[in-house]
Amino acid sequence: MKVRSEPCLFTEREAVFLCRGGLARVATVSQDGQPHVVPVAFEFDGRYIYFSGRQLVRSLKFRHLILNDRVAIVIDEIVSTDPWIARGIEVRGVAELLAEGGHPYVRICPLTKASWGI
């Protein structure tokens, strides 16, 4: 699968937030338009977002990405509940299915983003 566009750029604060890695929720869509959202551990290299997982190639998200490379991912956190303070970022982009040393992973090329509280 080819990336259709150059990645969007992140502010310094957004990049610092994303570089911490951690848990995110990734959304894919089936061939008939049914959404699927699951948590994933992710990494960020300053330009792309990556995730993998146990038995990735057997997962529903992987099967969806084979047919439709569009993806969204949300990374967020609750900073405080009193007062309520939350921050996060939603990224929409194109997923590339890759492998290194026999280990499959997904690289998300971010095309658009929206952040809050960062």
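**Close-up 1. Phe-10 counts as buried, at 15% relative accessibility.** Keep in mind that this model is predicted. Why does Phe-10 count as buried? Because its relative accessibility of 15% falls under the 20% cut-off. You'll find Phe-10 in the segment before helix H1, which covers residues 12-19.

**Close-up 2. Who keeps Phe-10 company?** Skip the neighbours within four places in sequence, and Phe-10 is in contact with Ala-15, Leu-18, Phe-44, Arg-47, Ile-89, Val-91, Pro-110 and Lys-113. Take Arg-47, one of these partners: along the sequence, Phe-10 and Arg-47 are 37 residues apart, yet in space their C-alpha atoms are 7.9 Å apart.

**Close-up 3. Glu-96 pairs up with Arg-107 through a polar contact.** Look for Glu-96 in strand E5, residues 84-100. Is Glu-96 buried or exposed? Glu-96 is buried, because its relative accessible area is 8% and the cut-off is 20%. The side chain of Glu-96 makes its polar contact with the side chain of Arg-107, at 2.6 Å.

**Close-up 4. Cysteines without a disulfide: Cys-19 and Cys-109.** A disulfide is a covalent bond that joins the sulfur atoms of two cysteines. How many disulfides does a search of the whole structure find? Zero. For Cys-19, the nearest cysteine sulfur belongs to Cys-8 and is 14 Å away, so Cys-19 is in no disulfide, given the 2.5 Å cut-off. Cys-109 also has the sulfur of Cys-8 as its nearest cysteine sulfur, 7.9 Å away, and is in no disulfide. As for exposure, Cys-19 is partly exposed, with a relative accessible area of 48%, while Cys-109 is buried at 0%.

How values were computed: Residues are numbered from 1 along each chain as its sequence is written. This is a predicted model: local features need pLDDT of at least 70, side-chain atom pairs count only at pLDDT 80 or more; totals for chains, interfaces and linings use all residues. Side-chain values use heavy atoms; hydrogens and water are left out. Helices (H or I, at least four residues) and strands (E, at least two) are DSSP runs, numbered from the N terminus. Buried means under 20% relative accessible area, exposed over 50%, partly exposed in between (1.4 Å probe, protein chains only). A polar contact is a pair of N or O atoms within 3.5 Å; within protein, one must be able to donate a hydrogen and the other to accept it, and residues adjacent in sequence count only if both atoms are side-chain atoms. Contact means heavy atoms within 4.5 Å.
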